[in-house]
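Trainee: Could we go through this model together? I would like to learn where the descriptive words come from.

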Amino acid sequence: SSPLTIAIDGPSGSGKSSVSKAVARELGLGYLDTGAMYRAVAWHCLDQEVDLTDQEAVAQAARDLPLEISTDPDDQTLRVGGTDITSAIRETRVTSQVSTVATNLDVRAELRRRQREIISEARDERGGIVAEGRDITTVVAPDAEHRILVTASEEARLARRSTELHGGADADQVEATRDQIVRRDRQDSTVSAFMEAADGVVTLDTSELDFDQVVAAVLALVRGEV
Ligand code: C5P
């Protein structure tokens, strides 16, 4: 069959990463977490003490970054020049700074170029890929065979993130998480309007769905059952 790109966008806490990974496994496709690439640039700048407000220095760091990212849905190891940063990019200091890096247009141009390369390689070598992020349906792969925007109410996203981060609901932690999500969404939406579907992009509201139901809904869309 001909190669397949499934582009999935959505805000943090929408569950798009785990869903995308499950869909990729089910269809035997590659998987690309583009957010991890922005996180890798942010991690590197923090590690190398690159001044995040110095646009040109950050852009240069992105262009020079020896980033190795796997498109195997079962191996999401991320390396920078041999150093395994898979868990380091999930640390709070990275999460709280990543939007600053992502608003740098030269960083976006560089990562977009790499993402298109990775997608094209996966189409040749794996039969296709599920690529997820904030601007995949609109900018990185607007010509993807399937384009889906995964949304969820703020309450649903907060509940998912809290469980993910601290396995439950301590009131203070939930509040801190709420602040983080709201702040990151606000910052991120200045670069890409990922809260609303562009023309031709299917919206999937997952507020009332559990994980398996979301995966099933995406698969049904891809298989043309809906
Ligand atoms: O998906 P995740 O929350 O890991 O993404 C981390 C950050 O990377 C986002 O908050 C956003 O700033 C940036 N991002 C982006 N464009 C993408 C994917 C992620 O700007 N396609």
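Trainee: What makes the crossing of H1 and H10 right-handed?

Mentor: Good place to start, and keep in mind that this is a predicted model. A crossing counts as right-handed if the near helix is turned clockwise from the far one by less than a right angle. H1 passes H10 in just that sense, so the crossing is right-handed.

Trainee: Why is H1 called oblique to H10?

Mentor: Helix H1, residues 16-27, and helix H10, residues 211-222, pack at an angle of about 55°. Roughly parallel needs an angle under 35 degrees, and roughly perpendicular starts at 65. The angle of about 55° fits neither class, so H1 is oblique to H10. Their axes are 10 Å apart.

Trainee: How do you know that H1 and H10 meet, and which residues are involved?

Mentor: Contact means heavy atoms within 4.5 Å. By that test, Ser18, Val19, Ala22, Val23, Glu26 and Leu27 in H1 meet residues of H10, among them Phe211, Val214 and Leu219. The residues of this contact divide into 10 nonpolar, one polar and one charged.

Trainee: What makes E3 and E5 edge strands?

Mentor: They belong to an open sheet with the order E3-E4-E5 and antiparallel pairing. Strand E3 (67-69) and strand E5 (83-84) each have a single partner strand, so one side of each is left without a neighbour in the sheet.

Trainee: How do you know that E3 and E4 are paired?

Mentor: Two strands pair if there are at least two bridges between them. Three bridges join E3 to E4 (residues 78-80), so the pair passes the test. Ile69, for example, has Leu78 in E4 as its bridge partner.

Trainee: And what is the strand order in the sheet with parallel pairing?

Mentor: That open sheet of five strands runs E2-E6-E1-E7-E8. Its edge strands are E2 (30-33) and E8 (202-205), each pairing on one side only. E2 and E6 (residues 128-133) share four bridges in the parallel sense, and Asp33 has Glu132 in E6 as its bridge partner.

Trainee: Which helix lies across E1, E2 and E6?

Mentor: Helix H6, residues 105-125, does, running at about 155° to E6. An angle over 145 counts as roughly antiparallel, so H6 is roughly antiparallel to E6.

Trainee: Last one: why is the chain called as compact as a globular protein of that length?

Mentor: The chain has 10 helices and eight strands. Its radius of gyration is 17 Å, close to the 17 Å that the globule rule gives for 226 residues, so the description fits.

Notes
Residues are numbered from 1 along each chain as its sequence is written. This is a predicted model: local features need pLDDT of at least 70, side-chain atom pairs count only at pLDDT 80 or more; totals for chains, interfaces and linings use all residues. Side-chain values use heavy atoms; hydrogens and water are left out. Helices (H or I, at least four residues) and strands (E, at least two) are DSSP runs, numbered from the N terminus. Axes are lines fitted to C-alpha atoms, for helices over the stretch in contact, and angles run from 0 to 180 degrees between N-to-C directions. Angles under 35 degrees count as roughly parallel, over 145 as roughly antiparallel, 65 to 115 as roughly perpendicular and the rest as oblique. Ala, Val, Leu, Ile, Met, Phe, Trp, Tyr, Cys and Pro count as nonpolar, Asp, Glu, Lys and Arg as charged, and the others, Gly among them, as polar. The radius of gyration is taken over C-alpha atoms; the globule rule is 2.2 Å times the number of residues to the power 0.38.
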